[in-house]
Amino acid sequence: MPSWQARAVSLYVRLTRKRRHRTLEQGERSLAHGLPETEPPTSLAGRVSAERMAGVQVFRVLPPVDADAGRGPLVYWHGGAFINGIARQHWQLVEHLATATGREVLVPRYALAPAHDVDDTLPLLEEVLQAVPSDLPVHVLGDSAGGTLALLQAQRHPDRVAGLTLIAPWLDLSMANPAVDLIEPHDPWLTRAGLRPPARAWAGDRDLRHPDVSPLFGDLERLPPTLVLVGDRDICLPDCELLAAQAPSVVTLRVGAGLPHVYPLLPIPEARPARAEIVQHIQDTLPR
């Protein structure tokens, strides 16, 4: 049974967030009025720098103590349905990862829909990796829509990505998996109707099932060791299960009982062991 905090957060997001995703019309409004970017928190003062890559800002977040320059970094792609900027919860996770692993974290502030689409971000996937010395392995992470980009980056650059962590990734933007029908009534946050406008805007001129839009249909043969964390009250779960079934030798799937979308980012007790497993997965896939 989920904790009372998890149940309270699920109720809160149902009352405050689901209205942004409940209907097609609400999805259109959300697309037109995405949530703004947040800046790095003051707790990261002195540890954050920024540079331009592929026309957008990419942050470098350092660990609290000097890291060995020969250690592979992390790349974190934030979620937000491709329409919302990086949020406070994303920065909290980034800070935790940098502190717990002792590694630098690169955080791209990629361009968002509706002004931009996937074709604008494809060059960024490569340029971020080019900013890392070629002899250093990289661990890539992402949540929700950021999980889409994380998986896509690993597929396009399998020689550079040594490990992959996906938190409730949006793997198929067509959301055609019939198993979603069983979960959608119980998801306190997301609906397919509300997500269709962002999905269509992000795809641009491409089909929603194109591998660059929905990486579930891309190359799954050369994935690195991959950890997937998703709640069983999340419409992303069926496609996460499909990913694990199609690449069982490299994908470890963790399903949080009674938990909503992106639960490792939420202020609930269940997030702590999930974050600990993420850190351990990073340490297992990158040389110390």
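Let me start with one contact in this structure, where Gln 92, Leu 93, His 96, Leu 97, Ala 100 and Thr 101 of α3 meet Arg 275, Ile 278, Val 279, Ile 282 and Gln 283 of α9, contact meaning heavy atoms within 4.5 Å. By class, this contact has six nonpolar, four polar and one charged residues, where Ala, Val, Leu, Ile, Met, Phe, Trp, Tyr, Cys and Pro count as nonpolar, Asp, Glu, Lys and Arg as charged, and the others, Gly among them, as polar.

Please keep in mind that this is a predicted model, in which local features need pLDDT of at least 70 and side-chain atom pairs count only at pLDDT 80 or more, while totals for chains, interfaces and linings use all residues. Residues are numbered from 1 along each chain as its sequence is written, and side-chain values use heavy atoms, with hydrogens and water left out.

Now the geometry: helix α3 covers residues 88–101 and helix α9 residues 271–285, and the two pack at an angle of about 50 degrees with their axes 10 Å apart; helices here are DSSP runs (H or I, at least four residues) numbered from the N terminus, and axes are lines fitted to C-alpha atoms over the stretch in contact, with angles from 0 to 180 degrees between N-to-C directions. The helices α3 and α9 are therefore oblique to each other, since angles under 35 degrees count as roughly parallel, over 145 as roughly antiparallel, 65 to 115 as roughly perpendicular and the rest as oblique.

Turning to the cysteines, the structure holds zero disulfides, a disulfide being a pair of cysteine sulfur atoms within 2.5 Å. For Cys 236, the nearest cysteine sulfur is that of Cys 240, 6.1 Å away.
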